[in-house]
Amino acid sequence: MTMNAPKRTIVSVDAMGGDLGPAAVVAGLALSADKNPNIGFILHGNKPELEKLIARTKGLSDVCDIRHADEVVTMDDKPSYVMRNGQNTSMWSTIDAVRNGEADVAVSCGNTGALMLLSMVRLRKLPGVNRPAIACLWPSRNPEGFNVMLDVGADIRADDTDLLQYALMGASYARNGLGLARPRVGLLNVGTEEHKGRPELKSAHELIGDAAENADIDYVGFVEGGDIPSDRVDVIVTDGFTGNVALKTAEGTASLVSGLLRDAFNATILSKISALLALTSLRRLSKRVDPRRNNGGVFLGLNGTVVKSHGSADATGMSAAIKLAFRLGESGFNQKLAARVASAVAPSQDASTKKPEGEQPE
């Protein structure tokens, strides 16, 4: 008698939206398939081109279902135009595979605005969610190596109830993405004192504090910009305008520091020798802060999980985004997120009681 094969987690992938083209996407798929035997793909784009790329990697065709799409959403396309005219694009097809229940999660490195609007319209918001959010993993001093920050660009506005929902969704992501049983949540502000900040921040501060016990989170209160990469907090909550500015600033600063270090170590013969002596440590540092390995912003608050990869992602970056998508899809993250959001509306229904042995936390 043969044992049943493990269920595959299916990832729907937009192969056409990235700056480096479908070759980088397929190379990322190959890296992921090599590491995760229980993964499968629905790949959307130009079928003849994708078939040639997939044929270069032995066995990859066995886990890939190609869906032909005639058109591509470009980085210059307006989201409203895509909603009116994008039915034949690879991005639309990618989202619809999740909508139709054929895939567990979607990944795209295409136009962020179009992807967010398309995901919202095709998948719809979870009951009780006013504004979805984009969450990212931020390198930190925590043992897991990352903190979760949201929103980083889905919507520039957020009132007090939106920030409460972000806190609950971010905590659920931290449980499933980082394995934290009781995440520490902080609300980003210009200071840690309770009298500082805009009125909606002060109100959100009270709402999150009141909800913390039922939500299985530790609310640490207000945090500042310097706390984002610290070990004081696991989830940082803010509006999309502030979060996006912080994210882009951090990426630019990391690029600047990397360039300055490279220039410093190439300045003289002695500095080049020093670089050789420190090569192992420098490689370890480079790997730790490499944005390609932290690639993937997750759209939270929808009836389906969507991972947004950087548009310039290479094979390593795509593999990281797919790994994140696979982990969330395998854990049943979106169902748990829906239950957690619903618990904010009806605390009596919160599943904060002891879980059966072996069950994943929400």
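Trainee: I'd like to begin with one side chain. What is the relative accessible area of Arg67, and how should I read it?

Mentor: Arg67 has a relative accessible area of 26%, so it counts as partly exposed, since that class lies between the buried limit of under 20% and the exposed limit of over 50%. Do keep in mind that this is a predicted model.

Trainee: Which residue does Arg67 meet in a salt bridge?

Mentor: Asp65 is the partner, with N and O 3.1 Å apart. Asp65 is partly exposed too, because its relative accessible area is 35%. By the rule used here, the count comes to 14 salt bridges.

Trainee: Let me try another one. How far apart are N and O in the salt bridge of Asp96 and Arg122?

Mentor: The distance in the Asp96–Arg122 pair is 2.9 Å. This pair links distant parts of the chain: Asp96 sits in helix α4 (residues 90-99) and Arg122 in helix α5 (residues 112-123), 26 residues apart. Asp96 has a relative accessible area of 15%, so it is buried.

Trainee: And Asp155, which residue does it form a salt bridge with?

Mentor: With Arg131; their closest N and O atoms are 3.1 Å apart. Asp155 belongs to the loop between β6 (146-150) and α6 (160-178), while Arg131 belongs to the loop between α5 and β5 (133-139), so the pair ties together parts that are 24 residues apart in sequence. Both Asp155 and Arg131 are buried.

Trainee: Which residues are linked with them in a network of salt bridges?

Mentor: The network takes in Arg131, Asp155, Arg157 and Asp162.

Trainee: Now for a strand. Why is β1 largely enclosed by the rest of the structure?

Mentor: In a regular strand, side chains alternate between the two faces of the sheet, so it pays to look at each face in turn. For β1 (residues 9-14), six of the six residues are buried, which is why the strand is largely enclosed. On one side you find Thr9, Val11 and Val13, on the other Ile10, Ser12 and Asp14, and both faces are covered.

Trainee: Which strands pair with β1?

Mentor: Strand β2 (residues 39-45) runs parallel to β1 and is joined to it by six bridges. Strand β4 (residues 105-108) also pairs with β1 in the parallel sense, over three bridges. Val11 is a handy residue to click on: its bridge partner in β2 is Phe41, and in β4 it stands opposite Val105.

Trainee: What unit do β1, α1 and β2 make?

Mentor: Together with helix α1 (residues 22-35), β1 and β2 make a right-handed β-α-β unit.

Trainee: Let's turn to the surface. Which residues make a nonpolar surface patch of about 480 Å²?

Mentor: Ile269, Leu270, Ile273 and Leu277 make it. Leu277 is found in helix α9 (residues 269-277), and it is exposed because its relative accessible area is 74%. The protein exposes about 17500 Å², with carbon and sulfur atoms supplying 53% of that.

Trainee: And the overall picture: how many helices and strands are there?

Mentor: Twelve helices and eleven strands. The protein has 362 residues, and 49% of them count as buried. Among contacts with a separation of 6 or more, 71% come from residues 24 or more positions apart.

Notes:
Residues are numbered from 1 along each chain as its sequence is written. This is a predicted model: local features need pLDDT of at least 70, side-chain atom pairs count only at pLDDT 80 or more; totals for chains, interfaces and linings use all residues. Side-chain values use heavy atoms; hydrogens and water are left out. Helices (H or I, at least four residues) and strands (E, at least two) are DSSP runs, numbered from the N terminus. Buried means under 20% relative accessible area, exposed over 50%, partly exposed in between (1.4 Å probe, protein chains only). Contact means heavy atoms within 4.5 Å. Accessible areas come from the Shrake-Rupley method with a 1.4 Å probe; for residues, only the protein chains shown count as cover. A salt bridge is a side-chain nitrogen of Lys or Arg within 4 Å of a carboxyl oxygen of Asp or Glu. Two strands pair if DSSP finds at least two bridges between them. A crossover is right-handed if, with the strands pointing away from the viewer, the path from the first strand over the helix to the second runs clockwise. Patches are made of residues with over 30% relative accessible area and no salt bridge: like charges are joined within 9 Å, nonpolar side chains (Val, Leu, Ile, Met, Phe, Trp, Tyr) within 5 Å.
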